[in-house]
Amino acid sequence: MIRDPEGFQAFLNETRQWVKEVAIPAEERVEATDEIPEELVEEMRRRGFFGWSIPEQFGGTGLTTEELVLAAMELSQCATAFRARVGTNTGIGSEALVADGTQEQKAKYLPALARGDVTGCFALTEPDAGSDATALRASAVRDGDDYVLNGTKCFITNAPIAGLFTVMARTDADDLSAKGISAFVVEGDTPGLIVGKAYKKMGQAGSPVSEVYFQDCRVPAANLIGGVEGKGFVTAMKVLNKQRLHLSALCTGPAMRMRDEALAHALKRRQFGQPIADFQLVQAMIADIQTEIHAARALILETARKRDQGEDIKLEASMCKYFASEMCGRVADKAVQIFGGAGYVADYSCIERLYRDARLFRLYEGTSQIHQLNIAKLTLRAAS
């Protein structure tokens with residue numbers, strides 16, 4: 001499902017060049033200031049990065065799934081903050097509208113998301129509802145032509161800079177199942193929507209994450225996504241199935257970067273009178289890294305093509321996210337090992353930062369353990 005192979009390859013080449021010549025040289029600045037310079041954000045807007053998966057009729061690039069994952073593998077070879085800055089618009093911040101929004105909702109919000117004029121985010125997780133998303137307590141009570149939202153969300157990527165929130169809330173207090181949940185699009189300046197202070201995190205500097213509070217937040221009924229109550233969990237699963245595949249590619253790009261950094265170091269670093277790349281135990285780690293990256297890439301591309309053909313990819317998306325995130329963690333660990341002490345000290349290499357950044361991949365969009373359970377459940381269901 002690459003619609004114009006020659007044109008798309010040129011697009012990938014341009015993205016790769018920007019990552020190497022602009023984004024990577026700015027990584028230390030992003031780490032030091034904990035933000036992406038505005039001039040680089042503006043350049044990402046100009047290059048259309050914010051609209052990759054938004055349909056062309058609403059101002060986006062309208063990439064197919066296969067095109068999206070290949071582009072994501074390129075963009076994610078620089079610091080995680082860069083792809084996270086555009087990633088909510090390209091993924092979870094817009095996908096609920098793309099998948100289930102009314103035509104009016106799409107026309108109102110998607111063009112601004114595609115341009116990057118507004119940053120979107122996805123507010124599902126709560127203090128007591130993460131892996132068990134159906135346990136969410138945030139409420140939305142109908143009051144005339146509005147809904148009144150109350151509750152707390154946590155670990156919301158880009159919330160401190162977001163202008164548009166996709167919010168999952170319970171519209172039926174008597175139905176504690178998934179059927180009682182609805183999805184809303186809430187504008188960032190709505191009274192009663194309060195964004196918490198950005199967290200201090202282990203890694204991923206420049207990618208702000210915080211809590212979000214709803215205190216009698218009055219939202220027009222027209223902002224109920226799809227215009228139907230009780231469909232929010234179904235919408236959320238559509239969003240997450242695509243995002244898990246997207247995130248798998250966003251785990252693979254950093255692994256490619258760490259592979260390239262480790263190879264360059266192994267060829268340059270000398271011990272016992274020869275490059276450490278000549279030592280067989282170092283070569284074994286290089287072989288493992290290369291093999292795991294190729295396996296992840298192949299699985300992701302196969303799944304992306306299935307999605308583009310209209311097939312159900314619930315199982316495959318979960319396998320992709322589980323394998324790619326765990327793979328990236330293993331590659332990060334081996335890259336540090338190849339670098340030795342220089343891989344642990346930030347003054348000597350970028351590997352220390354990339355290692356910290358990669359740790360989160362196994363947690364968000366479903367922990368590895370949740371995906372193991374999901375994979376087993378779907379496999380057993382198919383066999384029964």
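**A walk through the cores and ring pairs**

Phe184 has a relative accessibility of 0% and so counts as buried. Keep in mind as we go that this is a predicted model. Phe184 has an aromatic partner, Tyr147, which is also buried, at 1% relative accessibility. Their ring centres lie 4.9 Å apart with the planes at 65°; since an angle over 60 degrees counts as edge-to-face, that is the label for this pair. Tyr147 sits in strand S3 (residues 146–157) and Phe184 in strand S5 (residues 181–187), so the pair ties together parts that are 37 residues apart in sequence.

Both strands belong to a stretch worth a look in your viewer. UniProt, in an unreviewed entry, places the feature "domain: Acyl-CoA oxidase/dehydrogenase middle" at residues 121–217. Over those residues the chain is 47% strand and 0% helix, and the C-alpha atoms at the two ends are 17 Å apart.

Now let us turn to the nonpolar interior. In soluble globular proteins, nonpolar side chains tend to be buried together. Here the largest nonpolar core holds 67 residues, and Met44 and Phe82 have the most contacts inside it. Several helices supply at least two residues each, among them helix H1 (5–23), helix H8 (232–268) and helix H10 (314–339). The largest share, eleven residues, comes from H10. Because domain 1 (5–115) and domain 3 (234–383) both contribute residues, this core lies between them. Around Phe82 you will find contacts with Trp18, Ala23, Ala26, Val30, Ile36, Leu40 and Met44, leaving aside residues up to four places away in sequence. A second, separate core has 27 residues, including Phe58, Leu113, Leu124 and Ala133.

Phe82 also leads us back to the rings. Together with Phe8, Phe11, Trp18, Phe49 and Trp52, Phe82 forms one aromatic cluster. The model has nine aromatic pairs by the ring-centre rule. In one of them, Phe11 and Trp52 have ring centres 5.7 Å apart and planes at 75°, so the pair is edge-to-face. Phe11 belongs to helix H1 and Trp52 to the loop between H3 and H4, so this pair links parts that are 41 residues apart in sequence. Phe11 and Trp52 are both buried.

Our last stop is a polar residue. Gln77 lies in the loop between helix H4 (65–75) and helix H5 (80–90). Its relative accessible area is 15%, so Gln77 is buried. A polar atom of the Gln77 side chain lies 3.1 Å from the backbone oxygen of Met73. Farther along the sequence, Gln77 touches residues including Gly253, Met256, Arg257 and Asp260.

Note on methods: Residues numbered from 1 in each chain as written. Predicted model: local features only at pLDDT ≥ 70, side-chain atom pairs only at ≥ 80, totals over all residues. Heavy atoms only, no water. Helix = DSSP H or I, 4+ residues; strand = E, 2+ residues; numbered from the N terminus. Buried < 20%, exposed > 50% of the residue type's maximum accessible area, 1.4 Å probe, protein only. Contact = heavy atoms within 4.5 Å. Polar contact = N/O pair within 3.5 Å; in protein donor to acceptor, adjacent residues only side chain to side chain. Core = buried A, V, L, I, M, F, W, Y, C linked by side-chain atoms within 4.5 Å. Domains from an automatic or database assignment. UniProt positions renumbered as here; feature names shortened; annotations may be inferred. Phe/Tyr/Trp six-rings, centres within 6.5 Å; stacked < 30°, edge-to-face > 60°.
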